[in-house]
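Please follow the model from one pair of strands outwards, with the sequence and the coordinates open side by side. The path goes from a sheet to the loops around it, then to the chain as a whole and to its partner.

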Amino acid sequence: MTTEIVHRQAPPEAIAAAKRARRRAVIGRLVLSIIGVILAVIAWQLLADQQGFALPSPIDASRDIRENFFSSTYLEQKGLSDGGGYTVHLWATTQNVLIGVALGSALGISIGLLSLRLPLLSEIVNPLAAAFGAAPIFVAAPFFLIWFGIQPSAQILMVGFYTALLMYIFSRRAGENLDAGYIESALTLGGKPGSIFRYIYLPGTVPEIAGGFRIALAGAWGLEAIAELLGSQEGAGFLIKFFATAFVVNGMISLVVLLGLIAIFFDRLVVFGVSRLTRWTESGRQLAL
Amino acid sequence: MVQDIVESGSAADVTFDGVWCVFEHRSGRLVHALEEVSFTVPAGQFVAVVGRSGHGKSTMLRVLAGLQPPTTGAALINNVEVLGPAAERSMVFQQDTVFPWMHVRDNVEFALKARGMAKAERLVISDRTLEHVGLTDFADSWPRELSGGMRKRVALASVMAAGSNVWLMDEPFGSLDYFTRRNLHELLLEIWEETHKTIFFVTHDIEEALILADRLMLVREGKLVEDMAVDLPRPRDEDVRASPEAVALTKAILDELGIEDSSAADISEAE
């Protein structure tokens with residue numbers, strides 16, 4: 001004879017304790033992030049206090065940002081802006097990164113996933129990806145400048161090329177890592193190549209592709225800045241190079257900090273998007289918290 | 001009625017005509033996964049394929065599913081040769097193959113979507129299938145939110161909704177605890193008794209085979225060594241399974257599968 005188990009609602013104090021525990025976990029993570037930022041600022045201040053170390057303090061940098069962010073007399077005097085401040089150059093950098101990453105991702109992911117269905121495509125692309133993947137992208141940078149000049153298109157193409165390469169590798173790997181059991185199960189349920197690609201490959205590879213996308217985006221900011229340092233007429237990298245030659249260290253550090261903040265902002269946006277797309281995974285659920 | 005749920009067809013005759021599956025190992029050694037296996041299973045029969053791990057049970061199912069072409073010979077469904085996977089022969093795998101990125105309902109509707117069925121029609125079928133496997137309240141859940149047993153119910157519901165004529169089940173409940181397994185046995189038998197689909201159920205658990213099947217195929221080292229009827233009355237509760245007939249059947253199975261030679265078989269497998 002089986003004893004029947006009757007479930008009761010948990011007492012209010014247990015429900016409140018469970019809610020408190022979850023809240024504490026979320027707040028705990030936030031507090032740790034804030035502590036991390038504070039420690040970084042303290043370390044920065046300590047370094048800036050060192051004699052002979054050409055590093056402006058956080059206060060100097062924040063003052064510089066305040067004075068030059070939206071409009072800058074200094075930049076105007078030097079002919080580096082038509083009344084706008086750092087925002088003009090930061091926007092140029094941001095635009096190039098976003099366009100480059102978008103184009104590169106579309107190309108890389110498409111070829112990566114298609115190559116899983118078309119073995120001939122992978123035979124052609126794999127050696128190219130291996131060759132270009134082995135050569136540091138910075139080696140290719142001068143070629144882009146020679147071919148496309150110091151136009152934004154050169155930087156966009158460079159970022160796009162790097163992103164496409166990375167996303168091709170990640171997409172292929174994501175497809176190859178997808179459990180064959182899912183494909184076989186789909187086949188025995190009547191799945192055809194088209195439906196398996198749409199309903200199995202595409203969603204099943206999202207977590208790994210998304211991880212690659214975050215890496216590509218994070219790298220794209222640095223790559224764009226370097227491309228601008230090498231040859232450009234606008235952008236944060238271009239401005240940093242100008243400040244370096246004029247020894248305007250306040251401006252240099254301000255731009256580095258601002259570029260970092262923009263990169264963090266877009267990374268958070270991506271994390272938010274990824275958490276929506278990968279709610280079905282445990283990590284996606286945690287990201288969404 | 002479950003019969004209303006399934007989309008098409010009923011059961012199907014299954015024939016294996018001299019099927020060989022031979023693989024060449026990297027060392028050059030030839031492995032006979034299946035060795036001239038022949039049988040005919042009439043529509044609606046519940047067949048349990050019993051044998052030790054690595055002796056060809058799953059290969060048999062994969063040949064039937066169209067996932068593994070035979071080296072020679074042929075598998076036939078209603079006298080039509082199996083040339084590749086198709087929804088008429090759906091498979092429930094040992095590992096968890098419920099698509100984790102789809103809600104429970106979308107999993108159940110996959111086969112219907114794949115054949116381009118309209119949403120309203122899909123909804124009717126998935127609603128009734130989910131109700132039958134007791135997952136109505138979990139239609140909008142993610143698979144990760146379900147227990148292992150519930151995920152197996154989703155897998156069963158997907159096969160039901162697909163309207164397959166032959167159900168291929170490769171140790172589907174092997175990873176579950178005893179109680180969950182027993183519940184799923186009851187559910188599977190209930191569905192089978194209503195639909196009378198042809199079911200091939202691979203297991204190495206003799207008790208499970210005796211609870212479910214009305215025919216046993218014993219596979220050893222790639223050969224079909226015994227093909228026997230299970231004439232025990234249903235439902236096969238503890239009393240039936242403890243009956244002299246059931247005990248004699250169990251002993252016959254153990255003898256045929258060469259349990260006393262198990263250590264030798266393990267060594268040959270490892271080689």
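In this predicted model, a convenient place to begin is strand β3 of chain B, residues 46–50, which is joined by 5 bridges to strand β8 of chain B, residues 198–203, the two strands running parallel. Within this pairing, B:Val49 stands opposite B:Val202 of β8(B), while B:Ala48 has B:Phe201 of β8(B) as its bridge partner. β3(B) also pairs with β9(B), again in the parallel sense, here over 4 bridges, and in that pairing B:Val47 is placed opposite B:Arg215 of β9(B).

Which residues of β3(B) point one way, and which the other way? B:Phe46, B:Ala48 and B:Val50 point one way from the strand, whereas B:Val47 and B:Val49 point the other way, and all of them are buried. Since the burial criterion asks for 20 or more other C-beta atoms within 10 Å of a residue's own, and since 5 of the 5 residues of β3(B) are buried, this strand is largely enclosed by the rest of the structure.

The pairings just described belong to an open sheet of 6 strands, whose order in chain B is β6-β7-β8-β3-β9-β10 and whose pairing is mixed. Its edge strands are β6 (89–92) and β10 (223–229) of chain B, each of which pairs on one side only, and from one strand to the next the twist averages 20 degrees. Helix α2 of chain B, residues 57–65, packs on this sheet and touches β3, β6, β7 (166–170), β8 and β9 (215–220) of chain B, with a direction that makes about 150 degrees with that of β7(B).

Several loops of chain B that adjoin these strands carry backbone features that merit a look. B:Glu171, in the loop between β7 and α6 (178–195) of chain B, has a phi near 40 degrees, which is a positive value in a residue other than glycine. B:Glu221, in the loop between β9 and β10 of chain B, likewise has a positive phi, near 50 degrees, and is a residue other than glycine. Are these two residues buried or partly exposed? B:Glu171 is buried, with 21 other C-beta atoms within 10 Å, whereas B:Glu221, with 17 C-beta neighbours inside 10 Å, counts as partly exposed. A further feature concerns the peptide bond from B:Arg234 to B:Pro235, which is cis, with omega near 0 degrees; B:Pro235 has its place in the loop between β10 and α8 (238–241) of chain B.

Taken as a whole, chain B contains 10 helices and 10 strands. Its radius of gyration is 19 Å, close to the 18 Å that the globule rule gives for 271 residues, so chain B is as compact as a globular protein of that length. Along its principal axes, the C-alpha trace of chain B spans about 55 × 45 × 35 Å, and buried residues make up 44% of the 271 residues. Of the contacts in chain B with a separation of 6 or more, 72% are accounted for by residues 24 or more positions apart.

Chain A, to which we now turn, is divided into domain 1 (14–55) and domain 2 (70–288), and the C-alpha centres of these two domains lie 28 Å apart. One helix of chain A to examine is α10, residues 236–246, whose buried residues are A:Ala236, A:Gly237, A:Phe238, A:Leu239 and A:Ile240. These buried residues of α10(A) pack against α4 (86–117), α9 and α11 (249–277) of chain A, and the helix is followed by A:Phe247, whose phi is positive, near 55 degrees.

It remains to bring the two chains together. How many residues of each chain are in contact with the other? The contact involves 18 residues of chain A and 23 residues of chain B. On the side of chain A that touches chain B, α8 (180–188) and α9 (193–230) of chain A each supply at least two residues, and the largest share, 7 residues, comes from α8(A). By residue class, that side of chain A divides into 8 nonpolar, 7 polar and 3 charged residues.

Terms used
Residues numbered from 1 in each chain as written. Chains lettered and ligands numbered in written order. Predicted model: local features only at pLDDT ≥ 70, side-chain atom pairs only at ≥ 80, totals over all residues. Contact = placed C-beta atoms within 7 Å. Nonpolar A, V, L, I, M, F, W, Y, C, P; charged D, E, K, R; others polar. Domains from an automatic or database assignment. Pairing = 2+ DSSP bridges. Axes fitted to C-alpha atoms, helices over the stretch in contact; angles between N-to-C directions. Buried ≥ 20, exposed ≤ 12 C-beta atoms within 10 Å, placed from the backbone. Rg over C-alpha atoms; globule rule 2.2 N^0.38 Å.
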